[in-house]
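Here is a short report for a reader meeting this structure for the first time. Take a look at the sequence and the model before reading on.

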Amino acid sequence: MEMRGVLVYAFLAVFIDSCRGTLMNCDEVRKVFQMKQIGPVKSLPDIPRTGSDLQVCLSKNVTCCTKKMEERYQVAARRDIQNLLQTSSSSLKFLISRNVAAFQETVDSLVRQAENHTHTVLLHTYRDLASHAAAPIGEFFTDVGLFVLGSELSLEEASQRFFDALFPLVYEQLVEPGLSRLSPPYAECVRAACRDLAPYGGAPGRLATHISRASLPGRVFLQALHLGIEVINTTDHIQLSRECRRGLLRMSYCPHCQGLTASKPCMGYCLNVVRGCLASLAEVDAHWREFVRSLETLSTRMHGAQDLEQVLLGVHGLVRDAVAHAQRNGPRLSAQVHKVCGHPSRQPEQVGSVQHGSGARDSIPLKGAVRNGEDSLSNWRKDFISSLRLYRTFYGGLADLLCVSDLSSGDGMACWNGAELDKGYTLRVVGNGIKAQAENPEVKVKEADPVINQVIDKLKHINQLLQGRSIPKLGTLDRIETGSGDGYSGDCDDEDGCWGSGDGAAERRRIVNILTPENTNNHRYHHPQTKDFDQMNSGTGVTQTVPLALVSICAFALLSG
């Protein structure tokens, strides 16, 4: 009997040890749990226990996990994957953010150089005029810089306001030069009469049209970069489904329950779990690739009339010619001003005062340093596109990147297959994307993430604008630009033209951000909307309202060239 008792005891001892395997205590589990700051360690078991209350980390063996630990592990698994997403996209996000800032700095430098050129040309051609023209020139180029960077101001109104402010100076210096300046009331009367008298011909409208045409591709380009940052921010914080969270828990932390705190998942197992979790992000891939290609295509089209640098650095010539036009028509303008404002009233000449032109060269407030060739917008775009091209497959290979770089074990090493530590994973490995997950043995994917679908819709929309492709119900931008759309007339008549070189009346509109909630059906991310606005020229007595759809279409018609 004593021998039989010894045999039974030995059998039970072997049975218990085989059930527990190598898990004799929970010290290592407690240590890692505390080190990763997963939660408080007070309630952690000191020795292995049965896991009958667990829902995901089920095991035939004893376990170091409790139901509360399982919940905290699930939170940690979700945090880990989101941290990896943010780390993986950080270089791409930095690239785009840095180049948004670089674009703004380059535009600012370019606008300041164009302002300096305009000052210099007026100084050499109309020295007496230049000394007093600094303020209106500076105000105009400030408006130009704001417009290029996306402001909703009316560039034609800014152009007309600039030429209005210039007219009293032109009149007193070139049309009816005198020994002293015009009195402030008379100068104001001359300024107010400018729009009716049209002393510069169609120059104000042409100037606004040329700058608008050259600015719009850059505005769309900049809008696209902002959208790129929004796409990354949205995908970095993707909402993980319940199935995904349980899958990540099973892959990353369930082995901890068995004391396998240093184990990593098998490659095939990791791919199935992460591809299931990021199935919606894989759907972004095709549209992101097209986004990169579209930016590159638009960049190659920014030349000639759409080369902002060339157009802005040529503003001084148009201003000079406009002043010359007014000077040539001096007798007519003089008679018209006399009719409206009476004979000139001038300020009393002060004894010992300096004449208009003296010291003018020293009074011109040149701004900013001279730009070199490396600062050009063309070089900036070329460098940026070259770097961005490296990330064109980012979303298509994201799941694989996470597994290869961070999550899975190396080849030939023992790995966690979802149930135990083994030499490999034997189940089928599915591909990327929503459809491929129908056969995923680890994570069930029911439908695409609606927030990611909204981001995809935005990418589709900006890609259409970048490429100048068809806009629903209105035909292609080429056909709209040439007036051959399907019965669409809008408010741009044949006489003025939407983008002609006349007075630009049809261009009095606010062209702002394209990606509105109405366009994308996404009210989570709000952008300024394109707005109609009334003609601001009170001298004409005419009110012109431009439809919302026409604003977007006419504004970007030029991009299809």
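The sections below go from the whole chain to single residues.

## Overall make-up

This is a predicted model. The chain has 561 residues, and buried residues make up 50% of them. Its secondary structure comes to 22 helices and two strands.

Contacts across the sequence tell part of the story. Take the contacts between residues at least 6 apart in sequence: 79% of these join residues at least 24 apart.

## Confidence

The average pLDDT of the chain is 77. A score of at least 70 is reached by 74% of the residues. Helix α11, residues 279–282, has the highest confidence, at a mean of 95. Helix α20, residues 477–481, has the lowest, at a mean of 31.

Two stretches call for care in reading. Over residues 351–371, pLDDT stays under 50. The model gives this stretch 40 contacts beyond four places in sequence. Residues 470–561 also stay under 50. Here the model has 185 contacts beyond four places in sequence.

## Cavities

The structure holds four cavities of 30 Å³ or more. The largest has a volume of about 80 Å³. Which residues line the largest cavity? They are F103, A214, G218, M302, Q306, D307, L308, E309, L377 and R381.

By class, this lining has five nonpolar, two polar and three charged residues. Three helices each supply at least two residues of the lining: α7 (203–236), α13 (308–312) and α17 (377–388).

## Helix α8

Helix α8 covers residues 242–252. Its buried residues are C244, R246, G247, L248, L249 and M251. An arginine, R246, is thus listed with the buried residues of this helix.

What do the buried residues of α8 pack against? Their partners include four helices: α3 (67–125), α9 (254–257), α10 (267–277) and α18 (398–407). Strand β1 (415–416) is also a partner.

## N440, a residue in a loop

N440 sits in the loop between β2 (421–422) and α19 (450–467). Is N440 buried or exposed? N440 is buried, because its relative accessible area is 0%, and buried means under 20%.

The side chain of N440 has polar partners. One is the side chain of Q437, in a polar contact of 2.7 Å. Another is the backbone nitrogen of V443, which lies 3.3 Å from a polar atom of the N440 side chain. Beyond four places in sequence, N440 touches N272, G276 and V430.

## R49, another loop residue

R49 lies in the loop between α2 (27–35) and α3. R49 counts as partly exposed because its relative accessibility is 26%, and partly exposed runs between 20% and 50%.

The side chain of R49 makes a polar contact of 3.4 Å with the side chain of D53. Leaving aside neighbours within four places in sequence, R49 is in contact with V62, T63, C65 and T66. R49 and C26 are 23 residues apart in sequence. In space, their C-alpha atoms are 9.8 Å apart.

## Two loops in brief

Both N440 and R49 lie in loops. N440 is buried, whereas R49 is partly exposed. The side chain of each takes part in a polar contact with another side chain: Q437 for N440, and D53 for R49.

Definitions and conventions
Residues are numbered from 1 along each chain as its sequence is written. Side-chain values use heavy atoms; hydrogens and water are left out. On a 1 Å grid over the protein atoms alone, a cavity is a set of points where a 1.4 Å probe fits but cannot get out, and a pocket is an open set with protein on both sides within 12 Å along at least five of seven lines; lining residues have an atom within 4 Å of a point. Grid points are joined across faces, edges and corners, and a volume is the space filled by probe spheres set on the points. Ala, Val, Leu, Ile, Met, Phe, Trp, Tyr, Cys and Pro count as nonpolar, Asp, Glu, Lys and Arg as charged, and the others, Gly among them, as polar. pLDDT is the predictor's confidence in each residue, from 0 to 100. Contact means heavy atoms within 4.5 Å. Buried means under 20% relative accessible area, exposed over 50%, partly exposed in between (1.4 Å probe, protein chains only). A polar contact is a pair of N or O atoms within 3.5 Å; within protein, one must be able to donate a hydrogen and the other to accept it, and residues adjacent in sequence count only if both atoms are side-chain atoms.
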